[in-house]
Amino acid sequence: MLQEESDLSLIIAQIVQKLKGSNLYAQLERQAWASLQRPEIKLESLKEDIKEFFKISGWEKKLQNAVYSELSVFPLPSHPAAPPEHLKEPLVYMRKAQGSWEKRILKSLNSMCTELSIPLARKRPVGEQKELLNKWNEMGTDEPDLSLFRPVYAPKDFLEVLINLRNPNYENGDSLSFRTHLGLIQVPLKVKDIPELKEFFVELGLTTGQLGIDDSTQVPPELFENEHVRIGQKVLTEQDSAAAQQYIRQGSPTALRAELWALILNISSHPEDILYYEQLKTNVIQHDLLVDSLIYKDVKLTASNDDYYFVFEDYLYQVLLCFSRDTSVLSHFAYNSASPPKSYIRGKLGLEEYAVFYPPNGVIPFHGFSMYVAPLCFLYHEPSKLYQIFREMYVRFFFRLHSISSHPSGIVSLCLLFETLLQTYLPQLFYHLREIGAQPLRISFKWMVRAFSGYLATDQLLLLWDRILGYNSLEILAVLAAAVFAFRAVNLMEVTSLAAAEAVLADLSTLKVMPLLQIFLFATVT
Amino acid sequence: MSRVSVPCHVKGTVALQVGDVRTSQGRPGVLVIDVTFPSVAPFELQEIMFKNYYTAFLTIRVRQHTSTHTPAKWVTCLRDFCLMPDPHSEEGAQEYVSLFKHQMLCDMAQVLELRLILRQPSPLWLSFTVEELQIFQQGPKSPSMTFPKWLSHPVPCEQPTPLLEGLPDPSRVSSEVQQMWALTEMIRASHTSTRIGRFDVDGCYDLNLLSYT
């Protein structure tokens with residue numbers, strides 16, 4: 001049909017435009033020039049011969065991976081009349097809510113600035129630059145005085161904003177009726193129910209092998225594990241992103257995980273990427289940002305206190321400080337409902353030529369932000385690769401966990417999905433917790449905002465993040481949260497206060513993620 | 001293809017409700033919007049574009065100009081087009097929508113008036129409508145040129161002069177040269193839009209406070 005053809009050509013044009021500026025384009029051009037020397041390339045059929053050469057030499061596969069990556073990350077082009085805000089977030093009231101939340105964050109940061117009399121950014125004097133360069137690999141040994149700094153916001157502040165989110169066109173009566181939501185989230189977003197989730201997560205079913213279940217010591221490896229590892233190695237030799245994404249839905253063998261994630265996220269370590277990271281490092285050394293102190297404080301408060309992650313403290317600084325200087329992250333704001341904060345060079349207020357984004361990547365870290373990076377340190381030891389993987393994970397997934405949007409993987413939808421699942425399939429538990437003043441979302445929110453990092457054991461967390469990559473969706477976080485409540489339902493039914501409920505759910509480190517998910521989705525009698 | 005916006009007059013929405021509006025508890029679930037074209041002759045409709053606001057289903061009726069003396073009748077050209085897959089949830093609630101000629105049930109050659117019938121069966125929403133309604137007709141076709149006679153009816157060619165030995169076929173050479181020319185044109189026309197990566201202004205990044213605007 002005419003409409004579909006024009007949609008397709010629009011998508012193709014957009015992807016081509018995006019890829020033109022990339023490294024891959026330059027490499028393909030170079031390869032094409034070099035291939036002219038080859039005997040099989042004839043002038044008469046130049047186009048077809050070069051295409052054939054690309055196919056044989058594996059470059060077509062790289063291009064396919066790049067296109068697949070773009071399709072996964074960018075939303076489909078919307079209606080031509082839709083303004084750019086519509087692509088960020090189609091619902092007007094959510095855009096407004098995100099705008100006011102951002103204003104609160106900016107006010108908080110500004111007041112911290114004026115109270116402590118510290119500038120947002122300043123150029124480091126040469127002596128300080130040298131010192132930092134020497135200390136680059138052991139920034140964790142530094143003990144700056146951070147007592148006056150406080151995190152800009154914590155997940156529970158964000159939860160309060162989400163609880164107060166209202167659609168002005170929705171019947172929000174004061175009296176309870178069939179219209180009121182019994183949970184904390186009061187916006188009527190579309191969320192999947194269990195039959196739809198079963199279809200979406202079909203590879204997690206009881207009859208399909210899973211790493212995390214079928215690789216336990218009691219199960220002989222010939223049944224599933226050996227074959228799965230063999231297929232994984234084949235996927236890696238083929239270097240096919242789409243195949244890797246499909247494969248990882250059943251979990252990734254520990255030995256192959258680092259390469260598989262890099263393949264799915266389409267990260268390859270070229271000299272240009274390492275150079276880019278070094279450039280970011282130079283930026284960190286040259287300019288000192290207030291955000292750096294917030295990062296220091298966050299790492300000291302969260303990752304350094306964690307039994308699994310304290311060893312990676314230095315890596316975390318190296319990644320997060322560079323992340324703040326990376327302007328390529330700004331491009332994700334095209335599909336993120338949030339907007340980067342703006343500032344003006346000192347003395348040039350209001351002059352657009354002197355307007356800059358602060359921090360350069362537009363992302364203000366909150367309490368617990370460093371936990372997004374920490375689990376990745378188990379997989380990648382080379383700082384520039386670790387950095388690239390984290391950046392790609394952030395612009396694909398993690399940004400949705402702390403911005404207000406109606407996207408199915410956005411935190412609002414995840415909260416609503418969690419509450420709906422609990423209400424529908426564990427109504428007695430939900431009612432009991434509500435009656436004692438322990439709304440379940442108050443406990444599970446912090447798990448979902450951090451994608452369970454710091455709450456689960458690391459091997460279980462990595463199995464969970466395998467599925468996030470495999471399904472290109474964060475909905476599994478909400479399903480896991482509901483599954484955890486289902487697992488501890490018996491104990492929860494006996495508690496009589498929010499504090500007691502929190503105590504029952506305080507320690508998740510012994511949980512096995514995949515059996516919980518499988519039972520909740522496929523084996524619960526409804 | 002090009003399209004031209006047609007100036008239209010959108011009348012106020014009329015709610016269809018059974019019983020007395022003042023005393024009944026519920027809100028109307030059906031609204032009717034009439035669209036007239038006072039200053040334009042009957043035209044061929046190409047596209048209808050609007051922004052949805054919580055309307056679940058859309059029906060469009062059209063009144064066309066007929067050449068005979070019979071009065072123009074209302075005909076349904078779009079029946080129960082679904083804008084919101086789940087009327088109780090936000091999916092599709094504020095989307096931009098385009099409806100084209102080929103989606104209509106009848107020919108839209110001589111449109112006089114349009115009637116949009118909006119339905120929202122869910123009682124959850126306080127109001128619903130469609131906004132930013134725009135109607136388009138076909139834009140002007142490229143002016144037809146009359147070709148000189150020798151272009152459209154070429155004279156049968158004379159016997160070509162015998163080819164010299166060793167030279168390639170001229171028609172093949174010309175097609176290859178054309179292909180290469182097209183490739184070079186494509187390369188020339190392409191330009192990238194990547195960022196450079198600098199976040200400072202001339203090496204200076206001294207900032208005081210964040211701006212709220």
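**Entry 1. A strand pair between the chains**

I looked first at strand β3 (residues 342–345) of chain A, which pairs with β11(B) in the antiparallel sense over 3 bridges. I note here that the model is predicted. For a residue-level view, I located Ser343(A) and found Leu210(B), in β11(B), standing opposite. I then asked what else β3(A) pairs with inside chain A. Strand β4 (residues 355–357) of chain A is joined to β3(A) by 3 bridges, and the two run antiparallel. Within that pairing, Tyr344(A) has Ala355(A) of β4(A) as its bridge partner. I keep in mind that strands of a sheet pair through backbone hydrogen bonds, either parallel or antiparallel.

**Entry 2. The interface of chains A and B**

I next looked up the contact between the chains as a whole. On the chain B side 49 residues are in contact, and they meet 61 residues of chain A. The size of an interface is often given as the accessible area lost when the parts come together. Here I recorded a buried area of about 5000 Å² between chain B and chain A, with carbon and sulfur atoms giving 61% of it.

How many salt bridges are counted between chain B and chain A? The count is 0. Polar contacts are present, however: I found 10 residue pairs across this interface, both residues of each at pLDDT 80 or more. I then listed the elements of chain B that give two or more residues to the side touching chain A, namely β5 (45–53), β8 (96–100), α2 (170–189) and β11 (207–211). By residue class, that side of chain B divides into 21 nonpolar, 16 polar and 12 charged residues.

**Entry 3. The sheet in chain B**

Two of the interface elements, β5 and β8 of chain B, led me to a sheet. I recorded an open sheet of 4 strands in chain B, in the order β1-β10-β5-β8 and with antiparallel pairing. Which strands of chain B lie at the edges? They are β1 (3–6) and β8, each of which pairs on one side only. Direction ignored, neighbouring strands of this sheet are turned by 30° against each other on average. I also examined β5(B) with strand β10 (residues 129–138) of chain B, an antiparallel pair with 7 bridges. In this pair, Asn52(B) has Val130(B) in β10(B) as its bridge partner.

**Entry 4. Backbone details in chain A**

I checked the peptide bond from Tyr358(A) to Pro359(A) and found it cis, with omega near -10°. Pro359(A) belongs to the loop between β4 and α16 (383–396) of chain A. I also noted Ala451(A), which has a positive phi of about 50° although it is not a glycine. Ala451(A) is in the loop between α19 (440–449) and α20 (458–471) of chain A.

**Entry 5. Salt bridges**

Over all chains I recorded 22 salt bridges. I looked up one in chain A, where the side chains of Arg249(A) and Glu203(A) meet at 3.1 Å, N to O. Arg249(A) lies in the loop between α11 (241–247) and α12 (257–264) of chain A, and Glu203(A) in the loop between α9 (194–200) and α10 (225–238), so the pair ties together parts that are 46 residues apart in sequence.

Notes. Residues numbered from 1 in each chain as written. Chains lettered and ligands numbered in written order. Predicted model: local features only at pLDDT ≥ 70, side-chain atom pairs only at ≥ 80, totals over all residues. Heavy atoms only, no water. Contact = heavy atoms within 4.5 Å. Buried area = accessible area lost by both parts, 1.4 Å probe. Salt bridge = Lys/Arg side-chain N within 4 Å of Asp/Glu carboxyl O. Polar contact = N/O pair within 3.5 Å; in protein donor to acceptor, adjacent residues only side chain to side chain. Nonpolar A, V, L, I, M, F, W, Y, C, P; charged D, E, K, R; others polar. Pairing = 2+ DSSP bridges. Axes fitted to C-alpha atoms, helices over the stretch in contact; angles between N-to-C directions.
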